[in-house]
Amino acid sequence: MLMRTVVNSIVLLALVPAGAWAGAKIPIDDEASIEIGYLLQTQYRYANLNLDTGTEDGNHDFILRRGRLRLAATLTEDIGLFLQTEATAGMNGGPTVRLIDAFGTLRLAEPAVLYAGEHMAPAGREITTNPATLLAIDRPAITNYNLTWGLGARPQFNTTDYPDGDLDLEGRTNVRDIGATLFGALSTSEKLHFKYYAGFYEGVDEAPEDSASPRFTARIQANLFDPEPDYYNLGTYLGEKRTVALGTSVDLQNDIARDEDTGRNVDYRWWELDLFVEHALGPGSVTMEWIYQLLELDGARALLEAENVTRDARRTEGQGFATQVGYYLEQYKLQPWAGYELWDTRAPGDAGGFQAARAGLNYYLRGQNAKLYAGYEHFRAEQSIGESDEDTLHTVLLGLSLYY
């Protein structure tokens, strides 16, 4: 009987209302239930430079950016479980599936919920934004200088590693981390709302001898007008909210690697300040976001990692800024957008530094549940990219996103 219910619920996924965010819900008893959902993002990409090979003959790629199935279980009103898988390219071009989220939730009090297991550390607004709802196709490249993604930027709409300044400091889980986060949301009035995150995680341990300290991450956010009460924000609300959100995050871990020059261990520090606005304007609604980020690596010149690999920390350590704006026309289901970002390093000649401009268009077939999108990115590095003689990367991306 339960299997038939599961099958019927999956079939009914295509019939849910356009504004639905949760998956298909299967009741078990008066308190317990299971929800099933999915995310598929498939893309076509053209670029003048192949970053994987360093050749300048351009490349055409079809990409499975995200292919996810998720299961959320409610045991009681205060206890839950979340599992999510992701399909990625595997050996011989075939896809492999891995578990990227596996955590339990426990409501300790109001407002305090404990997230424990493998999940996303709250090191910034874009990091705590649902990837199915991102405004500018994907996160800004500089977001990946966070420890969550191994301290390496990703241009081409966050689909390729930037070879200059990539420290490749990844933990055992990568993209997520194993640990515990205390999260809560509260309102002090109808127009003022807050939420906080604080947690300890495994992080990375690339110091050749000594073990790294636990990673600590914290974030606080204040909203005027409408709240954003969930762990994950949306990248755009398509006119369904009126909100102004100011947030700040800190991400810390000691002894992540060794300074080759001095022999001492290097501490990691990441700071972010962000502002998000969603507001009705004329016949539509505007979405705007500003982000400032600072990465500190103790001023180290070169990091000696556990496998005796040396990487130039000066090409990565630095500060950056990103902004993006979009305008949603509900009548036409269209949302043109544009964005800009830059990263400054402390390497001679600003090696590893770059700036990027993007513009694109989202077409919502069924709200956030189904959309087509297209974008162009102009990425210019301060020096030649990788092994090539080019300092500029042109990328065109077309994509389809299906989410429930």
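## Salt bridges, core and surface of a predicted chain

A good place to start is a charged pair: Glu 228 and Arg 125 are joined by a side-chain salt bridge, with N and O 2.7 Å apart. Glu 228 sits in the loop between strand 9 (215-225) and strand 10, while Arg 125 belongs to the loop between strand 6 and helix 2, so this salt bridge ties together parts that are 103 residues apart in sequence. Is Arg 125 buried or exposed? Arg 125 is buried, with a relative accessible area of 1%, and Glu 228 is buried too, at 3%. Please keep in mind that this is a predicted model.

**Charged pairs**

In general, side chains of opposite charge can pair when their charged atoms come close. The structure holds 23 salt bridges, and three of them are set out here.

| Acidic residue | Basic residue | N to O distance |
|---|---|---|
| Glu 228 | Arg 125 | 2.7 Å |
| Asp 61 | Arg 45 | 2.7 Å |
| Asp 138 | Arg 65 | 3.2 Å |

Asp 138 lies in the loop between strand 6 (112-119) and helix 2 (155-158), and its partner Arg 65 is in strand 3, 73 residues away along the chain. Both Asp 138 and Arg 65 are buried. Arg 65, Arg 66 and Asp 138 also form one network through salt bridges that share partners.

For the salt bridge between Asp 61 and Arg 45, the two residues are in strand 3 (residues 59-76) and strand 2 (residues 33-47) respectively, 16 residues apart. Asp 61 counts as partly exposed because its relative accessibility is 23%, which is above the 20% limit for buried residues. Arg 45, in contrast, is buried at 5%.

**The chain as a whole**

The secondary structure consists of two helices and 19 strands. Of the 404 residues in the protein chain, 49% count as buried. Among contacts with a separation of 6 or more, 59% are between residues 24 or more positions apart. The chain exposes about 17700 Å², with carbon and sulfur atoms supplying 58% of that area.

**The nonpolar core**

In soluble globular proteins, nonpolar side chains tend to be buried together. Here the largest nonpolar core has 37 residues, and the members touching the most others are Tyr 145, Leu 151, Leu 297 and Phe 354. Two or more residues come from each of strand 10 (243-259), strand 11 (265-281), strand 12 (284-296), strand 17 (354-364) and strand 18 (370-381). Which strand gives the most to this core? That is strand 11, with three residues.

Leu 297 is worth a look on screen. Beyond its neighbours within four places in sequence, its contacts include Leu 151, Leu 167, Ile 256, Val 266 and Ala 313, together with Asp 267 and Glu 317.

**Ser 249 and its surroundings**

Ser 249 lies in strand 10 and is buried, with a relative accessible area of 2%. Which residues surround Ser 249, leaving aside its neighbours within four places in sequence? They are Pro 122, Ala 123, Gly 124, Ala 218, Arg 219, Trp 270, Trp 271 and Glu 272. A polar atom of the Ser 249 side chain lies 3.4 Å from the backbone nitrogen of Gly 124. The C-alpha atoms of Ser 249 and Glu 272 are 5.1 Å apart, although 23 residues separate them along the chain.

**A patch on the surface**

On the surface, Leu 75, Ile 79, Leu 106, Leu 108 and Leu 182 form a nonpolar patch, together giving about 400 Å² of accessible area. Leu 108 belongs to strand 5 (residues 95-109).

Technical notes. Residues numbered from 1 in each chain as written. Predicted model: local features only at pLDDT ≥ 70, side-chain atom pairs only at ≥ 80, totals over all residues. Heavy atoms only, no water. Core = buried A, V, L, I, M, F, W, Y, C linked by side-chain atoms within 4.5 Å. Buried < 20%, exposed > 50% of the residue type's maximum accessible area, 1.4 Å probe, protein only. Helix = DSSP H or I, 4+ residues; strand = E, 2+ residues; numbered from the N terminus. Contact = heavy atoms within 4.5 Å. Areas by Shrake-Rupley, 256 points an atom, 1.4 Å probe, with all protein chains shown as cover. Patch = residues over 30% accessible without salt bridge, like charges linked within 9 Å, V, L, I, M, F, W, Y side chains within 5 Å. Salt bridge = Lys/Arg side-chain N within 4 Å of Asp/Glu carboxyl O. Polar contact = N/O pair within 3.5 Å; in protein donor to acceptor, adjacent residues only side chain to side chain.
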